[in-house]
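Me: I have a model open on my screen and would like to understand the labels that go with it. Could you walk me through the reasoning behind them?

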Amino acid sequence: MNLTKIISSELEDKLKELSFDFEDSSNPWIFVRAREGYVKDYIEIDKSNWESNAIRCTFQTGSESVSSPKLAERKVDEWYVYQNEEELTEVLHKLRKIIEQYALPWFAENTQLIPSATPNYLDESWKDSIQEFMKKNKIDINNSESVGILDQLVISNLSQKDIYFISYCYGEIIISQFGGEWKYDANNGPRVDNIGGNPAFKRLPHDFVNKVIENKNLSLQRYYEDIAFVLED
């Protein structure tokens, strides 16, 4: 049996109506929905490597992914077995129902906007604002104890610019204490390279800041100590 041909025949037109395009891939067979301003949604069908003639369907949008049984609260199977083309067609009809009944609402609930690009807060135009922020909050970028001040600021009510100010200060503290240099990554924003003299050791300070904002169990102090630990080895 030509699985790609059958999957395309049974699902491509129907999923096209739902704005999913077939990537013309095979094992996994992937359907993608791209919408302006949002991360892509993926429907993936793959064939088992352990059981002959068995396929399943999983779903992903951004950093979120889910299997068919988890999505349907165990009301459906994970793997569907077929012995011939007729049974495969029946299986694909079941998967199509799962997509319509469970996956579409899940995609709607887990829609993620494409994150806005990180500005170049190393630019000269940011300098005065950053200096004012440092003065106001008594931040000394040459003193590692200022990491504690940044941690207190992170748990306060911050503007988006404040987040970048903190990111800059954190990067400067890393450079002053361990060595390193700023580089601007057009895709990801300002980055500290060559930390501790190791060309392979690179970090995005605003990534650390955002992770601490999202997870209150983390701290910039902890990440700072992690860097120190890595450089000690």
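Me: Let's start with one side chain: is D185 buried or exposed, and what makes it so?

Reply: Happy to help, and keep in mind that this is a predicted model. D185 has a relative accessible area of 15%. Buried means under 20%, so D185 counts as buried.

Me: What does R191 pair with, and why is that called a salt bridge?

Reply: R191 pairs with D185, and their closest N and O atoms are 3.1 Å apart. The cut-off for a side-chain nitrogen of Arg and a carboxyl oxygen of Asp is within 4 Å, so this pair qualifies. As for R191, its relative accessibility is 19%; the limit for buried is under 20%, so R191 counts as buried too.

Me: How do you know whether K14 and E17 are buried or exposed?

Reply: Set each value against the limits. E17 has 60% relative accessibility and exposed means over 50%, so E17 is exposed. K14 comes to 28%, which lies between the two cut-offs of 20% and 50%, so K14 is partly exposed.

Me: What makes K14 and E17 a salt bridge, and where do they lie?

Reply: Their side chains meet with N to O at 3.6 Å; the cut-off is within 4 Å, so the name fits. Both residues lie in helix α1 (residues 3–17), three residues apart, about one turn of the helix. K14 and E17 also belong to a network of salt bridges with E100.

Me: How many salt bridges are there in the whole structure?

Reply: The search finds nine. One of them joins the side chains of R33 and D41, at 2.8 Å from N to O, and both of these residues are buried.

Me: Which residues touch the most other members of the largest nonpolar core?

Reply: They are I139, L150, I166, Y170 and L220, in a core of 34 residues. Helix α6 gives the most to this core, with eleven residues. I139 touches F133, M134, S146, I149, L150, L153 and C169, leaving aside residues up to four places away in sequence.

Me: Last one: what lines the largest pocket, by class?

Reply: The lining has three nonpolar, six polar and one charged residues. Among the lining residues are P115, Y164, L204 and D207. Pro, Tyr and Leu count as nonpolar and Asp as charged, so P115, Y164 and L204 go in the nonpolar class and D207 in the charged one. The space in this pocket is about 200 Å³, and the largest share of its lining, three residues, comes from α7.

Technical notes:
Residues are numbered from 1 along each chain as its sequence is written. This is a predicted model: local features need pLDDT of at least 70, side-chain atom pairs count only at pLDDT 80 or more; totals for chains, interfaces and linings use all residues. Side-chain values use heavy atoms; hydrogens and water are left out. A nonpolar core is a set of buried Ala, Val, Leu, Ile, Met, Phe, Trp, Tyr and Cys residues joined through side-chain atoms within 4.5 Å. Buried means under 20% relative accessible area, exposed over 50%, partly exposed in between (1.4 Å probe, protein chains only). Helices (H or I, at least four residues) and strands (E, at least two) are DSSP runs, numbered from the N terminus. Contact means heavy atoms within 4.5 Å. On a 1 Å grid over the protein atoms alone, a cavity is a set of points where a 1.4 Å probe fits but cannot get out, and a pocket is an open set with protein on both sides within 12 Å along at least five of seven lines; lining residues have an atom within 4 Å of a point. Grid points are joined across faces, edges and corners, and a volume is the space filled by probe spheres set on the points.
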